[in-house]
Amino acid sequence: MNWETVIGLEVHVQLATCSKIFSGASIAYGAEPNTQACAVDLGLPGVLPVLNKEAVRMAVKFGLAVNAQIASRSVFARKNYFYPDLPKGYQISQYELPVVGPGSLDIEPEGTDVRRIGITRAHLEEDAGKSLHEDFHGMSGIDLNRAGTPLLEIVSEPDLRSAKEAVAYLKKLHTLVRYIEISDGNMQEGSFRCDANVSIRPEGQAEFGTRAEIKNLNSFRFVEKAINFEIERQIDVLEGGGTVVQETRLYDSDKDETRSMRGKEEANDYRYFPDPDLLPLDIAPELLDEIRASLPELPDAKKERFVETYGLSAYDAGVLTASREMADYFETVVERSSADPKIAANWVIGELTGALNKAGIELGQSQVSAEQLAGLLDRIADNTISGKIAKEVFDAIWNGEGSADEVIDRRGLKQITDTGAIEAVIDEVLAANPGQLEQYRAGKDKLFGFFVGQVMKKTQGKANPSQVNQILKEKLK
Amino acid sequence: MYDKTLAELSSGLRSGAFSAVELAEHFLARTERFHTQLNCLISVSPELAMARAADADRQRAEGDSRPLLGIPLMHKDIFCTEGVKTSCGSKMLDNFVAPYESTVSRKLKEAGTVMLGKTNMDEFAMGSSNETSYYGPVRNPWDTDCVPGGSSGGSAAAVAARLAPAATGTDTGGSIRQPASLCNVTGLKPTYGRVSRYGMIAFASSLDQAGPMAATAEDCALLLAAMAGFDPADSTSLDRPVPDYQSTLTNSIKGLKIGLPKSFFSTGLNSAIAQVIETALSEYRQAGAELVEVDLPHMHLSVPVYYVVAPAECSSNLSRYDGVRYGHRADSPKDLEDLFKRSRDEGFGAEVKRRVMIGTYALSAGYYDAYYRKAQQIRRLISEDFRQAFEKVDVIMGPTSPTTAFKIGEKTDDPVSMYLSDIYTIAVNLAGLPGISIPAGMLNGLPVGLQIIGNYFDEGRLLNAAHQYQLLTDWHKKIPEAFC
Amino acid sequence: MSLSSDEVRKVAHLARLGIEESAISEYAEQLSRILELVEQMQAVDTEGVEPMAHPQDISQRLRDDEVTETDQRDRFQEGAPQVESGLYLVPKVIE
């Protein structure tokens with residue numbers, strides 16, 4: 001039988017506010033345990049939550065970016081359960097009325113057409129603390145620094161049909177939240193976490209199969225591997241005559257398998273009800289307009305514009321718009337230099353990205369600034385140096401030797417464009433290689449390249465290649 | 001000195017008749033002498049009080065003449081106070097010293113008051129008789145075999161016996177007004193949102209409201225002025241100016257329209273109490289007020305609605321007491337579940353557990369709509385009844401409590417009959433309206449209170465109506481003989 | 001509406017109350033009486049009535065995104081049942 005996979009994702013995005021969602025404690029990562037847990041975060045008796053304006057704005061920003069309906073009135077609810085890292089015995093979340101309603105996100109998994117993935121909702125909630133399992137005389141330690149950190153939980157429709165699509169969706173979402181600057185998206189630090197609901201059904205069947213929820217997938221690679229493992233597991237179960245159990249499963253990256261959390265998690269009854277400490281959240285139309293006006297150009301629109309304005313291929317435009325920093329870098333280069341945007345794109349995607357990867361650093365830490373790269377491209381455009389020499393100059397800039405002009409000057413890399421000088425070198429080369437010249441004249445056209453090479457060698461690459469070509473052609477006529 | 005009202009003590013301080021230190025000494029001595037007999041205090045803080053009184057005298061010497069400067073008072077043990085234990089009447093918090101100050105106690109402190117101690121109360125404010133306290137029942141100064149009412153029973157008893165001229169209370173379903181009625185003091189529950197709930201240990205968040213308890217309406221006006229106001233730390237606190245309650249006390253009540261709900265005076269009301277209330281109402285009529293019958297058709301449902309809404313909220317509010325970060329923790333728990341279950345079983349008393357279980361049940365899957373949602377719908381109907389009534393009248397009057405103080409132990413085995421003690425007060429909390437109880441008479445040596453209910457933010461009018469009555473009567477001046 | 005002992009056990013577990021087995025039946029009886037009282041609500045037609053969660057119909061006020069709290073760990077942990085290295089200790093959490 002052919003099976004169809006059905007996947008829905010729940011992504012928890014940590015919002016890049018300064019303070020917590022309901023208190024004035026810092027959310028900075030990596031502080032000493034419990035030093036950023038204030039009275040409200042600790043759930044001390046009598047304390048009360050007050051909602052962070054920025055968290056609301058960020059949620060709305062996201063909603064607008066995925067063309068979602070923004071609820072004019074949403075409600076915070078309490079999700080009740082006992083856990084030592086949940087200080088109040090309930091999590092403040094949104095249940096019946098989330099701030100962000102239905103929207104969508106277009107994905108383009110490699111080699112396929114654009115697919116529109118439905119977003120069911122996105123709601124604001126607070127994060128819980130952490131249990132540390134290092135051994136404290138057989139006990140666990142509770143750190144509540146993370147408790148109260150603002151999260152946006154983004155729930156997709158079960159529209160994804162493969163692990164690849166799931167990853168494409170996640171990457172797109174990851175790009176988007178960083179674009180609109182609502183999250184740093186740092187997966188290692190848990191700023192972007194994903195749970196996957198996975199089920200399978202016989203191809204052509206309308207009803208969904210029973211799903212398993214895979215918890216806490218913290219890298220794109222693990223998402224793909226975990227989903228693929230889970231699909232195979234469910235197929236094995238069904239083809240072996242069994243039934244899939246609705247349950248929560250944990251992905252073990254060491255063993256590359258998912259395993260049931262059954263027994264550790266009982267049937268929950270969260271007893272949601274509206275939080276009486278918080279009033280309904282109203283979003284006024286004016287606020288909505290203000291946030292809409294503050295939205296940056298979104299990745300899809302930017303990509304389209306790059307294709308149209310700069311004449312880039314869809315692929316290059318996609319690569320350059322994958323992050324806002326990259327796109328901004330590229331546009332600065334284009335703005336500051338007279339080079340063809342396509343050449344600028346090649347340099348950013350090729351040389352620059354290569355150097356960053358090699359050094360293992362992010363664009364923000366690049367040792368060649370957009371302005372420096374623009375200066376370099378200008379020297380190629382005005383024939384001061386050749387593309388080949390430019391790579392040497394790039395490396396020099398990377399190593400801190402200054403601007404393109406400084407490097408060219410200091411190293412004497414200025415291109416030779418004086419026709420007389422080039423002719424003289426060509427004459428020397430022809431005179432020094434009579435054998436090759438004879439063979440060429442006898443019809444061995446391939447030797448043309450040999451002569452060019454010799455000229456370039458003699459000029460240490462500084463001769464203008466097109467002039468060399470032209471004069472050589474004349475001479476060999 | 002003890003028989004003076006807060007307002008009189010305030011003038012005495014201003015005129016230099018006595019100092020804040022002398023006042024504090026006087027009331028601390030009375031407290032020392034009487035409080036064990038009444039069991040109305042959980043903590044007494046004489047050193048702190050004397051230091052604060054000395055500060056107040058110094059400030060006065062420097063020219064400070066604010067009305068509450070140097071006035072001694074007591075706080076219900078539900079308000080977090082830095083440096084003095086805040087138990088909320090529970091074993092769960094027997095060891096809890098809050099590292100922060102509640103907004104109410106902070107504002108009163110900033111106004112210059114001198115805290116003498118923290119008053120006993122029903123555990124987590126759940127009770128109508130002050131018998132659910134971990135620290136034992138409070139006794140009514142009018143008859144020490146009787147309850148003082150609850151949950152602010154310690155505050156009511158302390159003020160009735162004049163161990164302090166004033167105390168704070170909280171009112172979730174009648175917890176200021178009912179003990180005020182049973183102890184012959186004046187107690188005001190303000191509009192929901194008028195006084196900040198920050199640092200006040202939550203029972204039922206959408207109903208809880210703090211208010212003053214003292215001998216007179218004038219005293220309550222002075223206290224409310226200091227307690228009320230917007231607090232950015234409480235999302236449900238309302239950003240509205242605090243009126244000058246003092247200046248409107250003397251307004252004439254001629255033409256005041258008083259609504260009398262049929263349901264308050266129908267079957268079930270003890271005829272002797274009805275008589276006392278009728279007498280009080282005739283005072284108003286003679287003063288020129290107009291009595292009008294009003295209908296609150298859903299009134300009879302307020303107790304059932306309350307016993308869904310309040311337990312539902314408390315079941316969640318009390319989940320934080322898990323033995324992890326503060327409060328009672330069971331000895332050597334064998335695992336997490338054991339830690340939670342035993343700490344909570346040992347830390348909470350029976351009434352708290354009953355309400356937590358009722359609330360948990362009402363919110364649980366399959367019952368939410370039939371209980372919680374239904375209750376919140378009827379809550380709106382009740383609130384709508386009041387809205388319509390207040391289109392016709394300025395205030396609503398009736399009894400505060402269906403009975404006078406009952407015997408300790410009389411209702412402890414029957415939670416439902418205990419719940420009915422709040423039959424006249426609960427609807428006010430469900431709607432979020434202000435209400436006041438004032439001394440209006442005596443039956444067999446036990447006080448009877450008159451309840452006045454006002455429209456939203458109409459505390460000024462309530463205090464005015466109460467003050468005018470107190471100018472005409474002297475029930476509020478009565479102090480039980482044993483404490484004179 | 002009455003609650004069985006089993007239902008009381010279930011609710012007590014949800015609320016993490018370790019009620020003694022000997023007390024279960026008394027709780028069942030008392031809670032059933034409370035539910036009987038509450039049952040009066042069912043007689044009212046509430047079709048179309050908006051549930052009322054707050055006494056006032058106003059909306060949530062928002063706080064500026066500012067860090068206003070400083071580290072007070074030592075004070076907060078003064079009365080804590082068990083702490084070590086700044087952490088609250090609990091019996092082993094099994095995940």
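Here a student and a tutor talk through a predicted model, mostly about how its chains touch.

Student: Let's start with chain A. How far apart are the centres of domain 1 and domain 3 of chain A?
Tutor: The domain assignment splits chain A into domain 1 (3-290), domain 2 (297-411) and domain 3 (419-476). Taking the centres over C-alpha atoms, domain 1 and domain 3 of chain A are separated by 66 Å.

Student: There's an open sheet in chain A with the order 4-3-14. Why do strand 4 and strand 14 each have one side without a neighbour in the sheet?
Tutor: The sheet has three strands, paired antiparallel. Strand 3 (residues 76-80) is joined to strand 4 by five bridges, and one of the pairs there is Asn80(A) with Tyr90(A). Strand 4 (90-94) and strand 14 (273-274) stand at the edges, so one side of each stays free, because each has a single partner strand.

Student: Now chain A against chain C. Which element of chain A gives the most residues to the side that touches chain C?
Tutor: The contact takes 55 residues of chain A and 36 residues of chain C. Elements giving two or more residues on the chain A side are helix 1 (53-65), strand 7 (130-136), strand 8 (139-143) and strand 15 (281-282). With six residues, the top contributor is strand 7 of chain A.

Student: Which strand of chain C is joined to strand 8 of chain A?
Tutor: Look at Ile142(A): its bridge partner is Tyr88(C). Four bridges link the two strands, which run antiparallel, and the partner in chain C is strand 2.

Student: Which residue of chain C meets Arg73(A) in a salt bridge?
Tutor: Two salt bridges turn up across the interface of chain A and chain C. In one of them, at 3.3 Å from N to O, the side chain of Arg73(A) meets that of Asp57(C).

Student: On to chain C and chain B. Which three residues of chain C supply 14% of the area it buries against chain B?
Tutor: About 5,300 Å² is buried between chain C and chain B, with carbon and sulfur atoms giving 66% of that. No other three residues of chain C supply more of its share than Met41(C), Met52(C) and Arg61(C).

Student: And how many residues does helix 2 of chain C give to the side that touches chain B?
Tutor: Chain C brings 50 residues to this contact and chain B brings 70. Between the two chains there are 21 residue pairs in polar contact. Helix 1 (5-14), helix 2 (24-38), helix 3 (73-77) and strand 2 (87-91) of chain C each supply at least two residues. Helix 2 of chain C gives the most, and its number is eight.

Methods: Residues numbered from 1 in each chain as written. Chains lettered and ligands numbered in written order. Predicted model: local features only at pLDDT ≥ 70, side-chain atom pairs only at ≥ 80, totals over all residues. Heavy atoms only, no water. Domains from an automatic or database assignment. Contact = heavy atoms within 4.5 Å. Buried area = accessible area lost by both parts, 1.4 Å probe. Polar contact = N/O pair within 3.5 Å; in protein donor to acceptor, adjacent residues only side chain to side chain. Pairing = 2+ DSSP bridges. Salt bridge = Lys/Arg side-chain N within 4 Å of Asp/Glu carboxyl O.
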